[in-house]
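Welcome, and please take a moment to look over the sequence and the model. A short guided tour follows.

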Amino acid sequence: MISLLWAAPIAASAVETADIGGNHHIFYLFWQADIVVKFALLLLLLFSVVSWAIIIIKHRQLKSARIRSHHFMTSFWHAASLEALIAKGAFRKSPIFNIFKTGIASMREPSNAKNLAFVKRDVMRTTEEEIEQLEYYVPFLATTASAAPFIGLFGTVWGILNAF
């Protein structure tokens with residue numbers, strides 16, 4: 001143990017004085033890389049930028065939908081009548097309001113008033129449309145998350161093979 005403590009400062013000074021030669025700045029390394037490695041790096045950079053943009057957009061969209069839905073639910077429980085609630089329309093982009101509006105419109109149709117299966121179908125269709133709108137671009141994130149490690153590994157292996 002004492003011999004390791006004695007050798008540690010010598011090894012550290014040897015590492016500090018070692019010259020690895022040349023300019024090893026990140027941009028220098030990029031420009032010296034093979035075209036395949038450059039393509040892999042640029043593809044990963046593009047996927048990263050697009051993914052972060054989608055994440056930020058989705059965060060804002062979900063936050064807005066949550067706030068508008070909460071506002072609608074509060075207004076719903078405090079409304080004097082359904083007509084006054086629908087006429088207010090301050091929450092048109094609320095997913096819950098759109099589903100509610102579809103249900104009310106479907107109930108008011110004379111052919112659907114006695115058959116709740118038609119109302120249920122219309123509400124389910126609108127619910128699926130709202131979910132689809134909230135999930136838009138999520139498959140791109142899933143595909144990118146599963147493919148990016150393999151693209152990075154490919155670029156790494158290609159660069160190592162070229163180094164030999």
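Helices (H or I, at least four residues) and strands (E, at least two) are DSSP runs, numbered from the N terminus. With that in hand, Y137 can be placed in the loop between α6 (116-134) and α7. This is a predicted model, in which local features need pLDDT of at least 70 and side-chain atom pairs count only at pLDDT 80 or more, while totals for chains, interfaces and linings use all residues. Residues are numbered from 1 along each chain as its sequence is written, and side-chain values use heavy atoms, with hydrogens and water left out.

**The overall picture**

The protein chain has seven helices and zero strands. Its confidence is given by pLDDT, the predictor's score for each residue from 0 to 100. The chain averages 80, and 82% of the residues score at least 70. Among the elements, helix α1 (residues 2-17) has the lowest mean pLDDT, 53, and α3 the highest, 90. Where pLDDT is low, the predicted coordinates should not be read in detail.

A residue is called buried under 20% relative accessible area, exposed over 50% and partly exposed in between (1.4 Å probe, protein chains only). Of the 164 residues, 20% count as buried.

**Inside the protein**

Which residues make up the largest nonpolar core? They are F72, L85, F97, F100 and I104. Helix α5 (residues 95-108) supplies the largest share of this core, three residues. Such a core is a set of buried Ala, Val, Leu, Ile, Met, Phe, Trp, Tyr and Cys residues joined through side-chain atoms within 4.5 Å.

Aromatic rings give another view. Rings of Phe, Tyr and Trp (its six-membered ring) pair if their centres lie within 6.5 Å; planes under 30 degrees apart count as stacked, over 60 as edge-to-face and the rest as tilted. The structure holds eight such pairs. One of them joins F72 and F76, whose ring centres are 6.1 Å apart with planes at 40 degrees, so the pair is tilted. Both residues lie in helix α3 (residues 35-78), four residues apart, about one turn of the helix. F72 is buried at 1% relative accessibility, and F76 is partly exposed at 26%. Another pair is Y136 and Y137: with centres 4.6 Å apart and planes at 65 degrees, these rings are edge-to-face. Ring pairs also link F72, F76, W77, F97 and F100 into a cluster.

Y137 has one more feature: a positive phi of about 75 degrees, although it is not a glycine. Most residues other than glycine have a negative phi.

**Charged partners**

A salt bridge is a side-chain nitrogen of Lys or Arg within 4 Å of a carboxyl oxygen of Asp or Glu. By this rule there are three salt bridges, listed here.

| Partners | Closest N to O distance |
|---|---|
| D122 and R121 | 3.2 Å |
| D122 and R125 | 3.6 Å |
| E129 and R125 | 3.6 Å |

Through shared partners, these salt bridges join R121, D122, R125 and E129 into one network. D122 is buried, at 8% relative accessibility, whereas R121 is partly exposed at 48%. R125 also counts as partly exposed, at 42%, and E129 has 44% and is partly exposed. D122 and R125 are three residues apart in helix α6, which separates them by about one helical turn.
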